[in-house]
Amino acid sequence: MATIFDKVVLHNGVEIPALGLGVYKVEEGSQIDETIKNALHIGYRLIDTASFYMNEEGVGRAIRASGIPREELFITTKVWNADQGYESTLKAFETSMEKLGLDYLDLYLVHWPVKGKYIETWRALEKLYREGRVRAIGVSNFKIHHLEELLLHSEEKPVVNQVELHPLLSQEDLREFCQLHGIKVEAWSPLSRGRFLDEPTLKKIADNHNKSTAQVILRWHLQNQIIAIPKSVTPSRLKENADIFDFELTQTEMEMINALNQNQRFGADPDHIDF
Ligand code: NAD
């Protein structure tokens, strides 16, 4: 039986939990402390932050307070757009590490494919990886053409591509491309920020299993080998989102969810970012 402690093996051999906690918009201070404390207690081991989220210090503080051995945790952070470029990325990394209070990072991501910059940014990530400062390096919000460009100009291949992905935006072409290249897909806004939870097809499937629609969506990610990082600060929802390892969607149910795709983004289109 699979559990929340299940791992996925990245192409460099490093293992990443199959489900994690995203902490975008979790406030620095008592909110991040409490949220991470509750999540770790439930069994979450992957925490996804970013310098942009302004809560790296809280993430570091909360994981230290937990007493859980560092090697059991998987911490991701990201280099923000304004810091992209070779030297500035190296500097941004040091700032993040200082805030997190860690001596190594598990996964460092290029947050968005900033035009004209991301190849240089990637060179900095390659250096950090080779020096052992970070166990794995990856990208976020890369479309196929960004990945093609990166693969042409890189020595290390990204281990993951973290993108907006949920039943309304199933990203099948991108997933296929990533699979072909051994790049794992990580879903941000895996629950489309709760916008779609009363959709009738999902409700029907949820009823079949005595689960919530959020659990059905997260199970759909899991069965698609997509690493989901749902966010919640509510203890009951943190628990609910982690309680997806005791049921299985049938092939027909998976296809019913696949059919909900409308290529609908709620976040920015990576080709048109102005931030
Ligand atoms: P999400 O899909 O995880 O939705 C979170 C929201 O859904 C919560 O605020 C809550 O309102 C609701 N929710 C959560 N669990 C629920 C439940 N069981 N029942 C009902 N409602 C529930 O969206 P997100 O926060 O945008 O994405 C998750 C994480 O992805 C972020 O915290 C962040 O770590 C990451 N992210 C990355 C990028 C990027 O550019 N790389 C962008 C956005 C988010």
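Which residue in β7 does Tyr108 stand opposite? I looked, and the partner is Ile137.

**Ground rules.** I am working on a predicted model, where local features need pLDDT of at least 70, side-chain atom pairs count only at pLDDT 80 or more, and totals for chains, interfaces and linings use all residues. Residues are numbered from 1 along each chain as its sequence is written, and side-chain values use heavy atoms, with hydrogens and water left out.

**Strands.** I took helices (H or I, at least four residues) and strands (E, at least two) as DSSP runs, numbered from the N terminus. I checked β7, residues 134-140, for burial (under 20% relative accessible area, 1.4 Å probe, protein chains only). Six of its seven residues are buried. I then checked pairing, which takes at least two DSSP bridges between two strands. β6 (residues 105-110) runs parallel to β7, with five bridges joining them. β8 (residues 160-164) is also parallel to β7, with two bridges. In that pair, Ser140 faces Gln162 of β8.

**Ligand.** I listed the residues around the ligand (a heavy atom within 4 Å) and got 26. The closest are Asp48, Ser140, Ser189, Leu191 and Arg193. Next came polar contacts, pairs of N or O atoms within 3.5 Å. A polar side-chain atom of Asn141 sits 2.9 Å from a ligand oxygen. For Val23, a backbone N or O atom is 3.3 Å from an oxygen atom of the ligand. The side chain of Glu240 has an N or O atom 3.2 Å from a ligand nitrogen. I closed with cover: the protein takes up 89% of the 840 Å² of accessible area that the ligand has on its own (Shrake-Rupley method, 1.4 Å probe).

Methods
Buried means under 20% relative accessible area, exposed over 50%, partly exposed in between (1.4 Å probe, protein chains only). A polar contact is a pair of N or O atoms within 3.5 Å; within protein, one must be able to donate a hydrogen and the other to accept it, and residues adjacent in sequence count only if both atoms are side-chain atoms.
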